[in-house]
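Please look at the structure below with some patience, since this report moves through it one topic at a time. Each section can be read with the three-dimensional view open beside it.

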Amino acid sequence: MPKDAAFRDIHSFAAGQWVAPAAGARRIASAIDGEVIACAGNDALDVQSMLAYARERGGPALRKLTFHDRARMLKALALHLKEHRQALYDLSFDTGAIQSDHLIDVDGGIGTMLVIASKGRREMPDGHAYLDGPVEQLGRHGHFMGRHIATPLQGAAVHINAFNFPVWGMLEKLAPTLLAGVPAIVKPATATCYVTEACVRIMLDSGLLPEGALQLVTGGLGDMLDHLDCQDVVSFTGSAETALKLRANPLLLERSTRFMAEQDSLNASVLGPDATPGTPEFDLFVKEVHREMTAKAGQKCTAIRRIMVPQASVDAVIAAVKERLSKIQIGDPRRETTQMGALVSIGQKRDVLKKAALIETEAERVFGDPDAFAVDGADTTKGAFLPPMLFHCPEPDTALRVHDTEAFGPVATVMGYRDLDHAIALLNRGQGSLVASIITNSGDVAREVAMSSAAFHGRLYFNNRTSMKEATGHGAPLPHMVHGGPGRAGGGEELGGVRGVLHYMQRTAIQGSPDILTAISNHWVPGAQEKSDKPHPFARSFAKIDIGDTLHAGPRTITLEDIETFAHFTGDTFYAHMDDKAAAANPFFPGRVAHGYLLLSFAAGLFVQPDPGPVLANTGLDNLRFMAPVQPGDAISVRLTVKAKTPRNEEYGEVRWHVTLTNQEGAAVAEYELLTMNAF
Ligand code: NAP
């Protein structure tokens, strides 16, 4: 194996040790000139001790932390990576990627981690169990309740990643996994693992991760999958062929090991029938197609492969896309003027040409000649360069290959449709995709496509003149939205905010008395024990308030004068409060009733402690229900109970209070959750 100063040994990080390549190592070549630049892999890697290290060290250490602790750790890790990202850019050029591709991979990965961290702080509790859905009353008198909780799996998450995004591909899985409290073993694709290795080194060197939380396998994975059990997860990204081979492992099947697959996909974009040449949508469509064909040299799992346009616009679309493609500068990714770099390897280039040849049996190549194209500053015979190739399929109904062949490079096929039904039929022939885009300014077109096609796609991206300035692009998976798709796309799902975290957790239905549910969930459940009201809960700091602390106040009798005063003061003279006869004619009211908002105000008047103290602000009110009318002469009482506490920062945290208003007979007339910010 040739070795010079630039040659790098790519290590694995196994059971706390960096392990150098040895027997079984694979060579890695630069995409730019085909020179061997590194090697990775070691057949002697002890996969069983890696799993034990994750399960016995990493898992327990992570599970000791709360969701908020882990979210803070992720944020710090992301900021640390941001400081060191130049090193990752520098390495990434050899993968064929240009600077704007690095931004998608490196900055996109860091940004994803930051969003997941922020969602962890805002949408998950500062505890160890995630509450999934509301409490269900299972017994008639409220002594037997149920709710769903999610707790971290107690095994390891094995992430097998594709070559195209060596940083984003790792971080978009790592962030939800660590937030869930599960250790990860990352196995990047060999072709670009030197970038992933550098990123893992930065994270481990930061000292921010507990021991055992992150390990790395470069090169072959050995027989690790044979040693997984029901507490482990495999999260795979790559080709359909590899996914099929791996998920069919009999031991994974026997042990019901979770297996998520994100695989290749024949993503499509539809130009709406309304988006004729000359409209802003037409130009937008051409721009999106061009970007998806050329960003990362078309090596994006979400890239547009099939382009569906109204029959009458086929020529205009081809002409406009060709015009843009003809201006693209292909070349050495390190040159600032380069707009499209190389594919990842000569092997990948060969594969794309083979797939393009299959497509060419059903479609005419209208742009891009792989045997004659200009490359700036690099040798086309050595580097993995290809021009963008646009095809036109005149008979998409009888064609097969254009709907099922993923040429994972700058390749896409235009096809005409007769009407919207025809467009939808073609769209769904991809048999499941990660994303389909529809460029239209018509709500009717959008609704029709969504209803007839959403079941075939993980994401539908609509764009038009209103959204185009802010839209994030057909091909960009966002941490807030699910990424994955049915059928051909693998049937998996990632990201989507907290949804993505739950893939690494077990959802369990818990049933029991209100006290038992409160103890497990750390959320007060109605019917559970009420704790002290002394001193007044509003006089206690965030740290001194306990779940279940309860204050009872009242009664206060509601008079007709109260109602009149409130009505005239606020201007709310709705007839149910002002006109006895009209109110009684309404099926909900016996006669004139108090305003619901009057009751809320009186409740606050009953429970508030007026002096300056730890309660800083009332920040909202959730789940308000008015349950029974209150008439003049009725007397209301209020019960205020601490339901949950969520720290927000070093200075204050949110307290969620369960508030119930009852009348003189003890019947509930209103219920809600009050939110306050309380100082520590
Ligand atoms: P691939 O050849 O299927 O490889 C994917 C991963 O599987 C690599 O890490 C590879 O490692 C590993 N692998 C292969 N055989 C294995 C085995 N027997 N045991 C364990 N691991 C094994 O895919 P790729 O060429 O890297 O990526 C391109 C494909 O990924 C495209 O089809 C693209 O559409 C798809 N993709 C999908 C998404 C998505 O989110 N849906 C995202 C990106 C890419 P080695 O490299 O060491 O062989």
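## The second largest pocket

In this predicted model, the second largest pocket has a volume of about 1,100 Å³. Its lining is made up of 44 residues, and those that lie nearest the centre of the pocket are Leu131, Arg147, His523, Lys643 and Arg656. In general, empty space of this kind is revealed by rolling a probe the size of a water molecule over the atoms.

Both helices and strands take part in the lining of the second largest pocket: helices α4 (99-123) and α16 (514-521) each supply at least two residues, and so does each of the strands β6 (130-137), β7 (145-152), β24 (615-626), β25 (635-647), β26 (652-662) and β27 (668-679). Which element gives the most to this lining? The answer is β6, with eight residues.

## The seven-stranded sheet

Elsewhere in the model, an open sheet is formed by seven strands, which follow one another in the order β15-β16-β17-β14-β13-β18-β19 with mixed pairing. At the edges are β15 (364-367) and β19 (457-463), each of which pairs on one side only. From one strand to the next, the twist averages 25°. As a general point, the strands of a sheet pair through backbone hydrogen bonds, and they may do so in a parallel or an antiparallel way.

One pair of strands serves as an example of the parallel case: strand β14 (residues 306-310) and strand β17 (residues 411-417) run parallel and are joined by five bridges. Within this pair, Ile307 has Val414 in β17 as its bridge partner.

## Helices on the sheet

Helix α13 (residues 420-428) packs on the sheet, where it touches β13, β14, β17, β18 and β19, and the direction of α13 makes about 150° with that of β17. Helix α9 lies across β13 (268-271), β14, β16 (389-393), β17, β18 (433-439) and β19, and α9 runs at about 165° to β13.

## Salt bridges

Side chains of opposite charge can pair when their charged atoms come close. The count for this model comes to 28 salt bridges, and a few of them can be examined here in turn.

In helix α9, Glu288 forms a salt bridge with Arg291, and the closest N and O atoms are 2.9 Å apart. Because the two residues are three apart in α9 (residues 280-294), about one helical turn separates Glu288 from Arg291. Are these partners buried or exposed? Glu288 has a relative accessibility of 3% and therefore counts as buried, whereas Arg291, at 37%, counts as partly exposed.

A salt bridge with similar spacing along the chain is found in helix α12 (residues 401-404), where Arg401 and Asp404 are three residues apart and so are separated by about one helical turn. The side chains of Arg401 and Asp404 meet at 3.1 Å, N to O. Arg401 counts as partly exposed at 28% relative accessibility, and Asp404 counts as partly exposed at 32%. Some salt bridges share partners, and in this way Asp622, Lys643, Arg656 and Glu673 are joined into one network; Lys643 and Arg656 were also named among the residues nearest the centre of the second largest pocket.

A further salt bridge brings together the side chains of Arg365 and Glu360, at 3.7 Å from N to O. Arg365 counts as partly exposed, with a relative accessibility of 28%, and Glu360 counts as partly exposed at 36%.

Conventions
Residues numbered from 1 in each chain as written. Predicted model: local features only at pLDDT ≥ 70, side-chain atom pairs only at ≥ 80, totals over all residues. Heavy atoms only, no water. Salt bridge = Lys/Arg side-chain N within 4 Å of Asp/Glu carboxyl O. Helix = DSSP H or I, 4+ residues; strand = E, 2+ residues; numbered from the N terminus. Buried < 20%, exposed > 50% of the residue type's maximum accessible area, 1.4 Å probe, protein only. Pairing = 2+ DSSP bridges. Axes fitted to C-alpha atoms, helices over the stretch in contact; angles between N-to-C directions. Contact = heavy atoms within 4.5 Å. 1 Å grid on protein atoms, 1.4 Å probe; cavity = no way out; pocket = protein on both sides within 12 Å on 5 of 7 lines; lining within 4 Å. Points joined across faces, edges and corners; volume = space filled by probe spheres on them.
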